[in-house]
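Hi there,

Here is the structure I promised to pass on. Have a look at it first, and then read my notes below.

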Amino acid sequence: MAPLPDTNLYTERITQYVSLPPAALAAPLPALCASIFSPLLLSYFPPARGIVLTYEDVALSSSPPGTNTSDQDSVLLRHVDEYAAPFLWATATFLIFRPRRGSYISARVTGQSKTHITLSYLNIFPISVLATQLPETWTFQAGTTDEGVWQTEEGDLSGDVQVRLLDFDARTDGKSKGKGMRLEGSLVGEEVQKRKEKSKGKGKKGILKGAQAAVEA
């Protein structure tokens, strides 16, 4: 596992023992990419403990990597009893998004309202930031619709900002394709947040924690 400069992105090489459809014996590599690896994209993959963003360097082998086999050996498939599809080992390097609470990521502003702003990370994952998690010096300028713009010390809020992840929630059934990942963030530092909560008493629940409390009730 190798972390990238963005502390929420990792590369990890993972091996799986998979079956190959008999119809794909003539072209096993593209067939396995289409049937095994590509469906994992933008889904939660338990062995990687995160969301698969992409994969590369796919290799097929008769035995797990690390065993005493030569690179020139032919890939031998294993048949189990009368099962028609043979089995083999498939290995790939995955780029994984594994969010961590308290970490900072760069995201682009995509929506603003009086109650919250919406950011986009990698143009895939939405991040919600409540107004209570914005600097107190910022002010909201209402527009002709429900939306408006937040005014910072440098002008209108726009472009990319550094956001601190507070919480996240994701579906793990493989059907979300990125849309099931919900992220909640803050644009104030941890110390500032603690001072605000201390001065105002018990802080307001975040989006995800509030929803979870409603379900538990």
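Below is what was found in it.

This is a predicted model, in which local features need pLDDT of at least 70 and side-chain atom pairs count only at pLDDT 80 or more, while totals for chains, interfaces and linings use all residues. Residues are numbered from 1 along each chain as its sequence is written, and side-chain values use heavy atoms, with hydrogens and water left out.

To start with the overall picture, the protein chain holds 13 strands and 3 helices (DSSP runs numbered from the N terminus: E of at least two residues for strands, H or I of at least four for helices). Of its 217 residues, 38% are buried (under 20% relative accessible area with a 1.4 Å probe, protein chains only).

Now for the inside. The largest nonpolar core (buried Ala, Val, Leu, Ile, Met, Phe, Trp, Tyr and Cys residues joined through side-chain atoms within 4.5 Å) has 24 residues, and Leu119 and Ile127 have the most contacts inside it. At least two residues of this core come from each of strands E4 (50–61), E6 (104–112), E7 (116–121), E8 (125–130) and E12 (160–169). A second, separate core has 19 residues, among them Cys33, Phe45, Val58 and Ala90.

Helix H1 (residues 28–37) is worth a look too: its buried residues are Ala31, Leu32, Cys33 and Phe37. Strands E2 (9–19), E4 and E5 (87–97) are among the elements that cover these buried residues.

Enjoy exploring!

Best wishes

Key
Buried means under 20% relative accessible area, exposed over 50%, partly exposed in between (1.4 Å probe, protein chains only). Contact means heavy atoms within 4.5 Å.
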